Structure formats: C-alpha cells, structure tokens
Amino acid sequence: MKVSVIGSGYVGTVTAACFAELGHNVVCIDIDPGKVDMINRGQPPIYEEGLEELLKKHAGKNIRATTDYDDAVANTDISFICVGTPSDDNGNIDLGIVKAASKSLGSAIGKKDGYHVVVVKSTVVPETTEKVVVPIIEQASGRKPGVDFGAGMNPEFLREGKAVHDFMHPDKIVVGAIDQRSDDIISALYANIKCQITHTDPGTAEMIKYVNNSFLATKISFSNEIGNICKKLGIDTYKVMEAVGKDSRISPNFLNSGAGFGGSCFPKDVKALIGKAKELGYEPGLLESVINVNEVQPLMMIDLLESRTGELEGKRIAVLGLAFKNDTDDIRESRAIPVIRALLDKGAKVSSYDPMAADNMKAIYPGIEYCDSAVKALEGANGCLVMTEWDEFKGLCSEFKVMHRPLVVDGRNMIRCEDIEYVGLCW
Ligand code: NAD
C-alpha cells in the first residue's frame, strides 16, 4: 500500500521505516527540512535501535521524505498523523500540533481525486479523532467523512529504545475506525505482522492507549510508595516485589521502585487523562497521586545525599545518566532534570555523564559539566547520583575510587560494589 506518515519524530520515523520494511511505499512528511533531508539520506533524525539499518535499506527505494503535504497525499492512499501532543501549562493535552497537521492534511485531500484514509497515531484524549480531527479534515477538504475519506485511530504502544522491535512484534494492535471500509484498509497494513487486531471505535482506541500508560505509571508510583515505606522499615522492597510479582494476577513487570518515570508519554498522558476526567466533572484522585508520588520521588535522592554530605553548596556532585531511561537519547521528563535543578538551587557543582543524551540536556542546562565518561564525571566528586539504568553503569566499582568521597545514591538499584558508601533510594 501507499502510506504517508506525518511527523518524523520517534513514532513517525519508526512507523514509516517499519511500514517500508513490511513492503509498503512510504512518504514521510515533516515541517522540519533538516529531518526530511536526514531521512532522504537514510539517517534517522532520532536514535532507535535498528532504525538506521531500516532507513539505509529503504531510503530512495520505498521510503522518501518531504515537507510538501500535497505531494505526499496525492501519491498515497492513507496518512498517519504522528505529531506531538504535549501538555499545555495546566497539564491538559495541547492539540495545537494535531490541529495544524489535520488542517494541512485536509487541504491536501481537498486537492486530490479519490478516497483517502486519515489515521491518528498520536496519543489523543477520547473524542479527539471524531470531534476534532475529522471535522477539521472535512472543513479543510470540503469532503464527506465515510464517503470521500475514511478515518480511524490506531494508537502506538512502542517502548522507546525498543521501538523497532515493538512495532514488528507488538503485544496488541488496536484499530478504532469510523466505519468498516476504514477499518479494513488500516488493518490490511498490518497483515504481515503476527498479532491479533482489536477492532473498535476511535474513542475506545484512544482510551485504550491512556489506560495502558496510566496503569503502568500507577504500578511504578505504587512500587515507589511501597519502596519508600520499606526503606523506613529497613525491608528490601525488591525482595517484597519479587514475591508479590509471582502472583499471576499482578505480574512481575513494572514493580521496580526507583527514581520514578519520565519520558514523553507517561507523565503527559496521565496528566492529560486527569484533565479530560476533570473536564467531564470527575476528580481522578488516584491518578493525581500517581503524578504526585512521581514528582517527589527523585527529590528524595537529594535528601538522602544531603543527609550524608551536609550542605551541598560548593560541592561537586556527579550525575550518572541524563536520558529518561537507558538505550535512548530522549531526556523529556527525565528524572535527572528536577534532580539537577535541585542540586544547582542548592549551590552544588554538577558534573554529568550519559552515553547518548548529553547533547539534548545541554539545551536545558548549558552551564553544567558534560563529561565523556563516567570516570571523568566522578573525578573529585563529593557524591554521585545514579539516575538512568544504562548497562555500562552496572559494572562500575573501581571507578568510584576517583571520587573525593565515594558516596553513591543509587536511584535505579543497579550498583553492586562493596568498596563505596552506598545509599539505595528505596532499599
Ligand atoms: P516527536 O516530538 O518526537 O515528533 C513529532 C514530529 O512532528 C517532529 O519531527 C515535528 O517536527 C513534526 N511536526 C510538528 N508539526 C508538524 C506538522 N504540522 N506537520 C508535520 N510534521 C510536524 O513526537 P513523538 O515522540 O514521535 O510522539 C508523537 C505522538 O506519539 C505523541 O502523541 C506521543 O504521545 C505518541 N507516542 C509517543 C511514544 C514515544 O515513545 N515517543 C510512544 C507512543 C505514542
């Protein structure tokens, strides 16, 4: 099939590359000419394991990129909207980018002969596809939904870092379509992927995505709260959760306590669901607590650090890990961000190391020290905070000897070293 993918970020580029790998002809659309050039050269605009190989294999053959909606839409049968859906100042979903992309898409559909299908892959709150996107397309194109164009919502569940693998081997595919014709066309794209498709309406598909992320975030905040109680009791929360996770009703996943969740999805999606619930007159107390626990959690590392070092003013503190999780350069909502802010507010000098995310963090904290190895960041430090679960941090031990005081506050339960002053966040 001929597919266009709007937005060449994490989701859009992975979707485009994987559809190309599945044998479809793909056109990527982005407003950023730099990203368009990169894709046309076979270079991914973001890092994802396996993505570069796919783009190199398909660029110039069955994948190309453009900034021109009219060209992309005229030459494809179906368009996926994969643009960002950030939070607004109140934490509610900001649909501005989705609306702008829908308008451009609608206008291009209006200039094209024949039927076109519009699919929302961006994470959007329930009712958005039918009450926001479809009416914008209808107005901008002058065409009728269900007659001249089809529409649907196809949420994305990939994990950053493992996105290509997850796209090709999903646990679930959800297609929420406005009618059978749209459903058949969207579902046909996934024919070569071994996975049962959940067929539903757009609102249910939108809700499935939010419930998925909110439930996982709830598991993490729950585990962090239990971890904080365990810490006060001197009980190892990892032993507790290992046993609890053996209950098949619970599962062992997402029970690791630590510095909390970040990334472009969990914090914003839980907040967006809270905002939607409130708009409907419901107070989602549990979801509010999930966010509150997550905001306090990384700052507890600062309390633990200060309880050992005293005042942080003038002290050199090493922060290991800047990405919101391992195997990505993405720092959005990384728990390292509030931690560095707190360290700077307290007058500490921050040295940092991350195998991939330093350049992105420079945009937020240009003034801290960025080192090209853990050892350099640790040199002369009065304390170290471990923020991201990078594999290379697991083996650190003798490296801590270069610190002024080998004090390590571990936010990810990954340092195994006898010769240091070790403080676990919840254990
Ligand atoms: P992103 O910010 O990385 O990428 C968005 C892209 O859209 C950018 O390249 C930007 O230049 C482009 N863009 C902006 N306005 C545009 C327009 N009018 N026309 C064309 N392109 C435009 O975002 P992302 O992380 O890929 O997320 C996209 C959506 O997918 C969001 O709704 C997000 O919640 C959801 N999602 C993300 C993940 C993830 O792990 N990142 C997982 C599942 C779902």
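**Exercise 1. Count the residue pairs in polar contact across the interface of domain 1 and domain 2.**

Step 1. Fix the rule. A polar contact is a pair of N or O atoms within 3.5 Å; within protein, one must be able to donate a hydrogen and the other to accept it, and residues adjacent in sequence count only if both atoms are side-chain atoms.

Step 2. Apply the rule. Two residue pairs qualify, both at pLDDT 80 or more.

Step 3. Sort the side of domain 1 that touches domain 2: two nonpolar residues, one polar and three charged. Here Ala, Val, Leu, Ile, Met, Phe, Trp, Tyr, Cys and Pro count as nonpolar, Asp, Glu, Lys and Arg as charged, and the others, Gly among them, as polar.

The model is predicted: local features need pLDDT of at least 70, side-chain atom pairs count only at pLDDT 80 or more, and totals for chains, interfaces and linings use all residues. Numbering runs from 1 along each chain as its sequence is written, and side-chain values use heavy atoms, without hydrogens and water.

**Exercise 2. Find the salt bridges between domain 1 and domain 2.**

Step 1. Set the bounds. Domain 1 spans 2–209 and domain 2 spans 299–424, from an automatic or database domain assignment.

Step 2. Search for a side-chain nitrogen of Lys or Arg within 4 Å of a carboxyl oxygen of Asp or Glu. The count is two.

Step 3. Check a pair. The side chains of Glu160 and Arg332 form a salt bridge, with N to O at 3.7 Å.

**Exercise 3. Identify ligand atoms close to polar protein atoms, using the polar contacts of Tyr10, Val11 and Ser264.**

Step 1. Take the ligand oxygens. One lies 3.0 Å from a backbone N or O atom of Tyr10. For Val11, a polar backbone atom is 2.8 Å from a ligand oxygen.

Step 2. Take nitrogen. A ligand nitrogen is 3.2 Å from a side-chain N or O atom of Ser264.
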